[in-house]
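These are my notebook entries on one protein chain. I went through the model entry by entry and wrote down what I looked up.

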Amino acid sequence: MRVNLNYIKMFVLFVMVGLLYAFASVKNGVREISKTNISFSGENSLFITQETVSKLLIQNQEHIKNVPKETLDLNTLEQALNSNPMIKSAEVYVAVNGILNAEIKQKRPVARVSTNASYYIDDEGKYMPLSSNFTARVPLVTGYVEKNNLKNVFKIARKVETDDFLKRHVVEIHQNVNGNIALKLRQCKFTVNLGRLDFLDKKINNLKAFYKKSLKEKTLNKYSKVNLQFDSQVVCTKT
């Protein structure tokens, strides 16, 4: 019975590949973590420090360095990082060279609540604590604000962030107990009363037209209130 030499060669090749793969897997599994590498994506301003992230990793995996890769529970480490109120998302993985990588995406604030409690509202409308490491330059939110009901103030905060005119001029967002919104502008004495946030784009366009006209006529400081609650009207109260 003649044996095909090519089949034997292929069989031997498959066995060698399998042995090499098994050897590499075993060696990779016992490779020790040499160091950690923490990186932040997005804005350069760090609301949470590398030291804090390192502590979170160590607390949830007693000895990060010089331990076999296979003993690390990466899911647990990710969950620990994602549970931090400063972190929007985190990805933890081990590279082939034994470096433990943690890629952090921070939350981004759009407003700062300053009532009986102080905290940020992030770009998803959620609670974000203040940071001892960095203070964001965002509009203040005052008045009647509940931490579990930020929808209304978040809507106007996002509008301020995305509108060049508002971003340049609005320094404070005030919400009263009825949910009505008022704005305070930089270097202006008057308060802008928006009322409810329905027809918001129309109200903002009316404010821009009023501001441009008053700036040209040099009458901005002659008003104490600018009321935009009424449809297609700007009602002003003089000082």
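**Entry 1: a cut-off, and D123.** I count a residue as buried when its relative accessible area is under 20%. I note at the outset that the model is predicted. With a relative accessible area of 17%, D123 is therefore buried. I located D123 in the loop between β5 (118–122) and β6 (127–128). Leaving aside neighbours within four places in sequence, I listed K88, R108, V110, F154 and R158 as the contacts of D123.

**Entry 2: V110.** I moved from D123 to V110, one of the residues that D123 contacts. V110 belongs to strand β4, which spans residues 109–114. Its relative accessible area is 3%, so V110 is buried. I then asked which residues V110 touches, not counting those up to four places away in sequence. The list comprises I121, D122, D123, V138, P139, F154, A157, R158 and E161. For the pair V110 and I121, eleven residues apart along the chain, I noted a C-alpha separation of 5.9 Å.

**Entry 3: the largest pocket.** I next looked up the open space in the model. The largest pocket holds about 410 Å³. It is lined by 17 residues, and those closest to its centre are A136, R137, V138, P139 and K167. Two of these names, V138 and P139, I had already entered as contacts of V110. Strand β4 (109–114), helix α4 (151–162) and strand β8 (170–175) are the elements that give two or more residues to the lining. By residue class, I recorded ten nonpolar, one polar and six charged residues in the lining.

I then asked where the largest pocket lies with respect to domain 1 (31–106) and domain 2 (109–238). Both domains give residues to the lining, so the pocket lies between them.

**Entry 4: helix α3.** I examined how burial is distributed over helix α3, residues 74–82. L77, A80 and L81 are the buried residues of this helix. Viewed down the axis of α3, these buried residues fall within an arc of 95 degrees, so they line one face of the helix. I noted the general reason: an α-helix has 3.6 residues a turn, so residues three or four places apart point the same way. On the face of α3 turned away from the buried side, I found the exposed residues N75 and Q79.

**Entry 5: helix α6 and the loop after it.** I looked up S214, which sits in helix α6 (residues 200–217). S214 has a relative accessible area of 4% and is buried. Its contacts, not counting residues up to four places away in sequence, are T219, L220 and Y223. I then turned to K218, in the loop between α6 and β11 (223–227). K218 is exposed, with a relative accessible area of 75%. Although K218 is not a glycine, its phi is positive, at about 60 degrees.

**Entry 6: Q187.** I found a positive phi, near 60 degrees, at Q187 as well, a residue other than glycine. Q187 lies in the loop between β9 (181–185) and β10 (191–195). I asked whether Q187 counts as buried or exposed. At 76% relative accessibility, Q187 counts as exposed.

**Entry 7: G143.** I placed G143 in strand β7, residues 140–143. At 36% relative accessibility, G143 counts as partly exposed. Not counting residues up to four places away in sequence, G143 touches T115, H174 and Q175. I also noted that the C-alpha atoms of G143 and S114, 29 residues apart along the chain, are separated by 8.2 Å.

**Entry 8: T239.** I looked up T239 in the segment after β12 (235–238). T239 is exposed, with a relative accessible area of 67%. Beyond its neighbours within four places in sequence, T239 is in contact with N221, K222, Y223 and S224. Of these, N221 is 18 residues away along the chain, with 8.2 Å between the C-alpha atoms of N221 and T239. I had met Y223 before, among the contacts of S214.

**Entry 9: totals.** I closed with the whole protein, for which I recorded six helices and twelve strands. Of the 239 residues, 37% count as buried. Among contacts with a separation of 6 or more, 51% are between residues 24 or more positions apart.

Technical notes: Residues numbered from 1 in each chain as written. Predicted model: local features only at pLDDT ≥ 70, side-chain atom pairs only at ≥ 80, totals over all residues. Heavy atoms only, no water. 1 Å grid on protein atoms, 1.4 Å probe; cavity = no way out; pocket = protein on both sides within 12 Å on 5 of 7 lines; lining within 4 Å. Points joined across faces, edges and corners; volume = space filled by probe spheres on them. Helix = DSSP H or I, 4+ residues; strand = E, 2+ residues; numbered from the N terminus. Nonpolar A, V, L, I, M, F, W, Y, C, P; charged D, E, K, R; others polar. Domains from an automatic or database assignment. Buried < 20%, exposed > 50% of the residue type's maximum accessible area, 1.4 Å probe, protein only. Arc of directions from axis to C-beta. Contact = heavy atoms within 4.5 Å.
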